[in-house]
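Visitor: Please take one part of the surface and go through it closely, residue by residue. Use the rest of the chain as background where it helps.

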Amino acid sequence: MAIILIPVATVRNSRLVPADDFWGDIISEIELADHIPTEAFDGISEFSHLEIIYYFDKVDPRTSFSLGIQEGIPIIQTLVFSACVKKDRPNSIGLCTVELLEHCGRTIKVKNLDAINGTPVLDIKPVFQEFQPEGEIKQPEWVANLMKDYWKQS
């Protein structure tokens with residue numbers, strides 16, 4: 001079964017190549033595709049955060065399942081759904097919760113989006129408190145080591 005998705009927007013920023021760290025100073029603009037009406041962004045400024053679903057279109061599909069091992073972190077290929085948030089995904093789909101900084105016409109400006117310039121956006125959703133997890137979020141200790149430089153500024 002084929003699934004056909006048509007991008008609703010495109011990411012514009014200064015990051016030109018995929019990288020695993022130092023996304024903290026990247027500010028992105030997300031511009032609506034021509035077939036999406038400007039009114040799709042009506043009311044978006046009332047939200048502080050959005051979920052951006054995007055497609056890693058620059059990832060080589062032949063490597064989309066190759067994870068490798070990082071020193072001190074128990075990542076193996078069979079743990080792709082429990083130990084990997086990288087671009088190397090079975091379907092090359094990314095999801096990121098971003099802070100909405102500004103809305104102007106057909107463009108929104110966001111912080112904390114780990115997508116490179118030109119990335120196609122598949123969907124944009126407001127973050128509702130009611131959909132956030134209740135209680136403490138649990139994760140293995142090695143995750144903090146893996147993510148220590150991810151949102152740092154370069």
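Guide: A residue is called buried when its relative accessible area is under 20%, exposed when it is over 50%, and partly exposed in between. The model is predicted, and the part chosen here is a patch of negative charge on the surface.

First, the background. The protein chain contains six strands and one helix, in the order β-β-β-β-β-β-α along the sequence. It has 154 residues, of which 34% count as buried. Its accessible surface is about 10200 Å², and carbon and sulfur atoms account for 54% of that. Of the contacts between residues at least 6 apart in sequence, 76% link residues at least 24 apart.

The patch itself is formed by E29, E31, D34 and E102. E29 belongs to strand β2, which covers residues 27-32. Because its relative accessible area is 35%, E29 is partly exposed. E102 comes from strand β4, residues 93-104. At 42%, the relative accessible area of E102 also lies between the two cut-offs, so E102 is partly exposed.

E102 can be followed further. Leaving aside residues up to four places away in sequence, E102 touches T107, I108 and K109. On a longer sequence scale, E102 and I44 are 58 residues apart along the chain, while their C-alpha atoms are separated by 9.4 Å.

Strand β5 spans residues 107-111, and N112 sits in the loop between β5 and β6, the latter covering 120-126. The phi angle of N112 is near 75°, a positive value in a residue that is not glycine. N112 has a relative accessibility of 22%, so it counts as partly exposed.

What happens to charged side chains elsewhere? Side chains of opposite charge can pair when their charged atoms come close. A search of the whole structure finds two salt bridges. One joins D57 and K58, with 3.0 Å between the closest N and O atoms. D57 is partly exposed, because its relative accessible area is 32%, whereas K58 is exposed at 52%. The other joins K152 and D149, at 3.1 Å from N to O. K152 is partly exposed at 45%, but D149 has a relative accessibility of 17% and so counts as buried. A residue with a salt bridge is left out of a patch by definition, so D57 is not a candidate for one even though its relative accessible area is 32%.

The surface also has a patch without charge. M1, I3 and L5 make a nonpolar surface patch of about 450 Å². M1 lies in the segment before β1, the strand at residues 9-12. With a relative accessibility of 97%, M1 counts as exposed.

To return to the part chosen: the negative patch brings together E29, E31, D34 and E102; E29 is supplied by strand β2 and E102 by strand β4.

Technical notes:
Residues are numbered from 1 along each chain as its sequence is written. This is a predicted model: local features need pLDDT of at least 70, side-chain atom pairs count only at pLDDT 80 or more; totals for chains, interfaces and linings use all residues. Side-chain values use heavy atoms; hydrogens and water are left out. Helices (H or I, at least four residues) and strands (E, at least two) are DSSP runs, numbered from the N terminus. Buried means under 20% relative accessible area, exposed over 50%, partly exposed in between (1.4 Å probe, protein chains only). Contact means heavy atoms within 4.5 Å. Accessible areas come from the Shrake-Rupley method with a 1.4 Å probe; for residues, only the protein chains shown count as cover. Patches are made of residues with over 30% relative accessible area and no salt bridge: like charges are joined within 9 Å, nonpolar side chains (Val, Leu, Ile, Met, Phe, Trp, Tyr) within 5 Å. A salt bridge is a side-chain nitrogen of Lys or Arg within 4 Å of a carboxyl oxygen of Asp or Glu. Lys and Arg count as positive and Asp and Glu as negative; His and the chain ends are not counted. The place of a charge is taken as NZ of Lys, CZ of Arg, CG of Asp or CD of Glu.
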